[in-house]
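Reader: I should like to learn how the features of a model of this kind are to be read. Please begin with the question of confidence.

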Amino acid sequence: MAKTQSAQLDRKKLMADPILVTTIVVLIAFLTLFILYPLAILLVDSIVGEHGPTLSIFQRVLAMPSFRTAITNTLAVGFLVSIVSALVGLLFAYVEVYVKLRTKFMSGLFKVVSMLPVVSPPFVLSLSMILLFGRSGIITRGLLHIYDNNVYGYWGIFVVQTLTFFPVCYMMLKGLLKNIDPSLEEAARDMGASRWKVFTSVTLPLILPGLGNAFLVTFIESIADFANPMIIGGSYDTLATTIYLQITGAYDKQGASAMAVVLLCITMIMFFVQKYVLEAKSTATLTGKASRGRMLITDNSVRVPLTILCGAVAVFVVGMYICVPLGALFKTWGRDYSLTFKWFKLMFTRYHGLKAFRDSFILSLIAAPLTALLSMIISYMVVKRNFKSKGFIEFVSMLAMAVPGTVLGVGYIRGYSGGLFHTGVMQGLYGSAAILVIVFIVRSLPTGTRSGISALRQIDKSIEESAYDMGADSFTVFRTVTLPLIKDSFLSGLVTAFVRSITAISAIILLVTPQFLLITVQINEFAGKGDYGIACAFSTVLIIITYAAVLIMNAVIGRFGTSTSTSEEE
């Protein structure tokens with residue numbers, strides 16, 4: 001009875017606030033049009049032929065040897081990358097949380113490695129692998145005098161994706177390990193158990209759901225990855241690259257739609273298991289932060305080998321990122337290592353670098369604040385308001401996390417170059433700057449929404465209720481009370497959206513027209529042609545832009561953020 005009355009009261013408050021009602025309608029319309037509709041069109045496109053519903057399109061696609069090879073390759077790479085990334089991430093997290101590091105250099109190195117994949121273009125490590133271990137590689141050709149080494153294919157993709165994704169697992173597992181109460185492990189040690197026994201019987205069972213979570217997140221990222229297989233895959237096709245080639249090479253849009261539906265089904269299954277099964281188990285297993293400080297491992301027989309192993313991997317990763325600017329500065333990689341700026345000059349003079357950076361920068365700069373604001377609004381609606389379609393808004397906004405960029409790109413092509421919007425205003429979206437901005441927003445929305453929800457759940461309801469009691473409407477409360485309290489998350493979401501937008505490639509490569517030049521598309525084009533000097537020059541400037549954005553964000557949060565000042569006062 002009390003719940004019914006409370007629901008009726010919430011409904012009356014909702015209907016009495018026209019701004020809130022309008023916001024809900026706009027959110028539902030946006031999420032439906034730009035996330036659900038393209039995916040629905042893909043499904044319709046793959047099962048509806050000239051004479052009505054049919055499974056012949058799927059039958060044709062499943063009979064293709066190229067498709068069967070691609071899906072086998074995708075799953076093979078995805079499983080191995082996920083397992084190794086989760087294990088390496090666990091090793092790094094364990095060393096940082098449990099082992100006493102003698103120097104600040106190691107912890108600083110770990111921090112750099114964890115940040116690199118976030119602020120770097122997705123294909124940088126592929127370029128580095130080619131520069132180091134390719135036929136003209138500085139290690140294979142220069143040091144080992146191997147002139148026919150083939151870095152392309154399965155192992156190239158595996159190494160690059162593992163080095164790209166293990167820092168994500170490391171960041172996820174580090175938080176879980178920190179939340180384990182040390183008394184549980186120390187009790188086992190007091191009973192005579194070895195460190196290995198404590199790890200296998202106490203620590204590992206506690207973090208097993210989190211480890212599975214890291215595995216699934218990496219698996220989704222791996223099988224959805226387009227940039228790395230495109231550059232370093234060679235003839236080893238994955239599902240993402242096959243979908244792209246099916247549209248751009250075979251001009252088979254219905255076949256591409258069917259392939260995209262298959263890839264989407266795989267990622268959706270993994271997404272549901274990760275979000276609704278493993279995340280819940282992980283939260284239930286670790287119910288709070290450690291109650292007291294942990295006694296760090298100082299035994300040299302454990303500390304030294306683990307530190308050396310992690311340090312070597314971290315230095316290798318950083319070294320690979322350093323290769324990219326060097327590739328832009330050397331005259332001819334593999335033959336003439338004299339320094340030159342000719343690649344940078346050619347980039348800006350012959351290859352329209354200025355237009356590429358201007359177009360990418362402007363579009364990302366438009367998308368970033370819109371994404372950050374939309375993420376905070378969705379987070380606010382989900383956490384602070386109660387209405388019937390709240391679950392729909394939360395689910396669909398997070399759904400984009402499970403949709404591979406290539407799948408989304410095909411959905412937008414089929415949805416906005418035809419579909420229901422073959423005429424009218426919406427049909428004009430296809431090929432415009434607006435559709436690129438919308439794709440940037442949709443791709444970054446889940447990250448910002450998760451951050452906003454976490455921040456808002458820490459705010460006491462009474463702070464906002466006092467503003468409502470004084471007669472403020474929802475918009476005023478959000479603008480003057482809620483948003484200032486979560487400005488750290490807002491700024492973080494803004495920069496994350498900017499970085500993700502300016503380094504995006506998988507969705508936009510299918511949507512960009514000759515009217516626009518985007519940096520990532522240029523890099524992919526030059527790397528595909530073997531023009532690594534130009535590709536490295538574009539990548540170097542792009543890395544500088546993204547790092548500058550992160551540094552500016554840190555400076556702004558340090559100056560105006562709430563968390564820093566609060567911690568200093570305490």
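Author: The model is predicted, and a stretch of weak confidence is a suitable starting point. Over residues 563–570 pLDDT stays under 50, and the model has three contacts beyond four places in sequence for this stretch. Where pLDDT is low, one should not read the predicted coordinates in detail.

Reader: Which elements of the chain have the lowest and the highest mean pLDDT?

Author: Helix 25 (residues 562–569) has the lowest mean pLDDT, 40, whereas helix 4 has the highest, 92. For the chain, the mean pLDDT is 82, with 88% of the residues at 70 or more.

Reader: How is a helix pair described, and at what angle do helix 4 and helix 10 cross?

Author: One considers the approach of the axes, their angle and the residues in contact. The axes of helix 4 (residues 65–98) and helix 10 (residues 195–224) cross at roughly 135 degrees and come within 8 Å. Helix 4 is therefore oblique to helix 10. Their crossing is right-handed. The contact of helix 4 with helix 10 has 15 nonpolar and seven polar residues, and no charged ones.

Reader: At what angle do helix 2 and helix 19 cross, and how does their contact divide by residue class?

Author: The axes of helix 2 (residues 18–47) and helix 19 (residues 433–456) cross at roughly 100 degrees and come within 11 Å. This angle makes helix 2 roughly perpendicular to helix 19. The residues of the contact comprise eight nonpolar, no polar and no charged. From helix 2, F30, L31, F34 and I35 meet I438, I441, V442 and L445 of helix 19.

Reader: Turning to single residues, is V119 buried or exposed?

Author: Burial is judged by relative accessible area, with under 20% taken as buried. V119 has a value of 2%, so V119 is buried. This residue lies in helix 5 (residues 104–119). Leaving aside residues up to four places away in sequence, V119 touches V499, T546, Y547 and V550. The C-alpha atoms of V119 and A548 are separated by 9.6 Å, although these positions lie 429 residues apart along the chain as an offset.

Reader: Which backbone angle deserves attention in H145?

Author: Here one inspects the sign of phi together with the residue type. H145 is not a glycine, yet its phi is positive, at about 55 degrees. H145 lies in the loop between helix 7 (138–143) and helix 8 (154–178). With 52% relative accessibility, H145 counts as exposed.

Reader: Where is H352 found?

Author: H352 is in the loop between helix 15 (342–349) and helix 16 (353–384). Its phi is near 55 degrees, a positive value in a residue other than glycine.

Technical notes:
Residues are numbered from 1 along each chain as its sequence is written. This is a predicted model: local features need pLDDT of at least 70, side-chain atom pairs count only at pLDDT 80 or more; totals for chains, interfaces and linings use all residues. Side-chain values use heavy atoms; hydrogens and water are left out. Axes are lines fitted to C-alpha atoms, for helices over the stretch in contact, and angles run from 0 to 180 degrees between N-to-C directions. Helices (H or I, at least four residues) and strands (E, at least two) are DSSP runs, numbered from the N terminus. Angles under 35 degrees count as roughly parallel, over 145 as roughly antiparallel, 65 to 115 as roughly perpendicular and the rest as oblique. A crossing is left-handed if the near helix is turned anticlockwise from the far one by less than a right angle, and right-handed if clockwise. Ala, Val, Leu, Ile, Met, Phe, Trp, Tyr, Cys and Pro count as nonpolar, Asp, Glu, Lys and Arg as charged, and the others, Gly among them, as polar. pLDDT is the predictor's confidence in each residue, from 0 to 100. Contact means heavy atoms within 4.5 Å. Buried means under 20% relative accessible area, exposed over 50%, partly exposed in between (1.4 Å probe, protein chains only).
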